[in-house]
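I opened this model to look through its helices, its salt bridges and its surface. My notes follow in the order I looked things up.

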Amino acid sequence: MAPRISRATVGSTVGTALEWYDFSLYGTAAALVLPQVFFPAGDPAAATLSSLATFAVGFFARPVGGVIIGILGDRVGRRTMLFATLMLMAVASTLIGVLPSYATAGVFAPIALVLLRVVQGLGAGGEYAGAMLLSAEHAETRARGLNASAPTLGNAVGSLVATGVFFLTSALMSEEDFLAYGWRLPFLLSCLVGVAGVIVRIKVPDSPEFERAKDEGRSTRAPLRALFATSGRKILPGMLISVAPNVISYLPSVYALSYLADEVGTAAWVGLVGIVIANACKIVTVPVAGLLCDRYGRRPVMMTGATAAALLFYPFFFLLDTGTPVLIWAAFVLVYTLCNDLTLASQATMMSELFPVGFRYTGVTFTREIAGAIVGGCIPFAAAALGTASGGQTWPIALVCGLLCLLSVLGARFIAEPEHLRREARVPVSISD
């Protein structure tokens, strides 16, 4: 029988798309607008670094939010916590849209921006893990890859809509009007996005696997303690497989936008259209990657995507440096779509199977979000700093990013395939059995 996408997967994916609109909107704005609005004028490079640093702050808040939401999600349910993350993201994004600029409020403006980015990070820390687990735990075993990876498509659609709205707003206004007030409109739309998300998620039931564990006494009131006591050896491999997805997500979608504008000298719309095209392609590539995980296993899909990315970072920058829109867009599709979706789909599937259900939410958020904070939050800032230190050379950035991706190849070697795939392929048992 063909793998089937559950109704819960559809609902959680749509909710993730609405919620990720908020989080990804900040990344685009951090690269293109926030340096001019919230930081002192006079040194564009310093303003860009400061803006990317506020982007990173959201990632450092994610492990805190992830662990808190994960613990509560293992105690009261996945569905309840997904409502909480939705509200945190929508409120924070809407308030960013009404913040005064640096010219108006001085140092208060960037401080308030950082605080709201922290709130965004707290919500995002538990969002994707909850949606992924809700989808995976509703799915039949042989379709878990397809269903677990589906919220990744929600991330892509949310990012697609955010970038599209941002691009449309900037295209319909003069640069002066856009910097003065136009950039605020996409953030103010977050209020409506939050309402829509609540309507969608209220129809999604909680995980039957979680409910069974709760009824059978397999849940725990101290999931973090149980994680370290019984599954401590799985934490490091879980963190390692989360490295490549973060590098391949945020180097193209955040740093590359500022690189194209500041170093290559292309118009802002070129990079934004590249992100739109790459995210649109994910509508096909994400489910295909999930199906590959179900057919060939999680590890080979992760290893293929991470290794391909490691080899393609230098060609990625070479294509960006041409300044030719079509080649720039091809670069985004190669790395941000094809390589990234292979790693994201396999990461989601492996994570949903790595820990027992009683503390699974906690285990996923703890491992995934710490890696996200260290790697995803820092990679745009680190890339900008490496570029500045090397006098505009991109090979140090490509080298560092490539080595980071290979860590996920290493991590995948220590995570076993599920039993039905081991029986079919006779894969040797690994330490996470």
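**Entry 1: helix α15.** I began with helix α15, residues 268–296. Its 29 residues should span 42 Å at 1.5 Å a residue, and I find the end C-alpha atoms 40 Å apart, so the two agree. I then looked for a bend. α15 turns by about 45° at I283. A proline, P287, follows within four residues of that point. Just after the helix comes G297, with a positive phi near 110°. I keep in mind that this is a predicted model.

**Entry 2: helix α17.** Next I checked helix α17, residues 325–354. I count on 30 residues here, with 41 Å from the first C-alpha to the last. The expected value is 44 Å, and the span is close to that. α17 has a kink as well, about 40°, centred on N340. Is α17 mostly covered or mostly open? It is mostly covered, with 22 of its 30 residues buried.

**Entry 3: the whole chain.** I stepped back to the overall fold. The chain holds 21 helices and 0 strands. Its C-alpha atoms fill a box of roughly 60 × 40 × 40 Å along the principal axes. For 433 residues, a compact globule would have a radius of gyration near 22 Å; I read 20 Å for the chain, which agrees. Of the 433 residues, 59% count as buried.

**Entry 4: salt bridges.** How many salt bridges does the count come to? The count comes to 11. I took E127 and R201 to begin with. Their side chains meet in a salt bridge at 2.9 Å, N to O. The pair links distant parts of the chain: E127 sits in helix α6 (residues 108–138) and R201 in helix α10 (residues 190–201), 74 residues apart. E127 counts as buried because its relative accessibility is 0%. R201, at 3%, counts as buried too.

Then I turned to E137 and R360. These side chains form a salt bridge at 3.0 Å, N to O. E137 belongs to helix α6 and R360 to helix α18 (residues 360–376), with their positions 223 residues apart in the chain. E137 is at 4% relative accessibility, so I log it as buried. R360 is at 6% and is also buried.

My next pair was R144 and E209. Their closest N and O atoms are 3.2 Å apart, in a salt bridge. R144 lies in helix α7 (residues 144–171) and E209 in helix α11 (residues 208–215), so the pair ties together parts 65 residues apart in sequence. R144 is buried at 11% relative accessible area. E209 is buried at 16%.

Which residues are linked in a network of salt bridges? I find D74, R78, E137, R144, E209 and R360.

**Entry 5: G77.** I looked up G77 in the loop between α3 (44–76) and α4. Its relative accessible area is 0%, so G77 is buried. I also checked G77 against S159, 82 residues away along the chain. Their C-alpha atoms are separated by 27 Å.

**Entry 6: the surface.** Last, I searched the surface for a nonpolar patch. V91, L95, V98, L185 and L188 form one, with about 410 Å² of accessible area together. α4 (78–96) and α9 (184–188) each supply at least two of the patch residues. I picked L188, which is found in helix α9. L188 has 33% relative accessibility, so it counts as partly exposed.

Terms used
Residues numbered from 1 in each chain as written. Predicted model: local features only at pLDDT ≥ 70, side-chain atom pairs only at ≥ 80, totals over all residues. Heavy atoms only, no water. Patch = residues over 30% accessible without salt bridge, like charges linked within 9 Å, V, L, I, M, F, W, Y side chains within 5 Å. Areas by Shrake-Rupley, 256 points an atom, 1.4 Å probe, with all protein chains shown as cover. Salt bridge = Lys/Arg side-chain N within 4 Å of Asp/Glu carboxyl O. Buried < 20%, exposed > 50% of the residue type's maximum accessible area, 1.4 Å probe, protein only. Expected span 1.5 Å × (residues − 1). Bend = angle between axes of the 7 residues up to and from the residue. Rg over C-alpha atoms; globule rule 2.2 N^0.38 Å.
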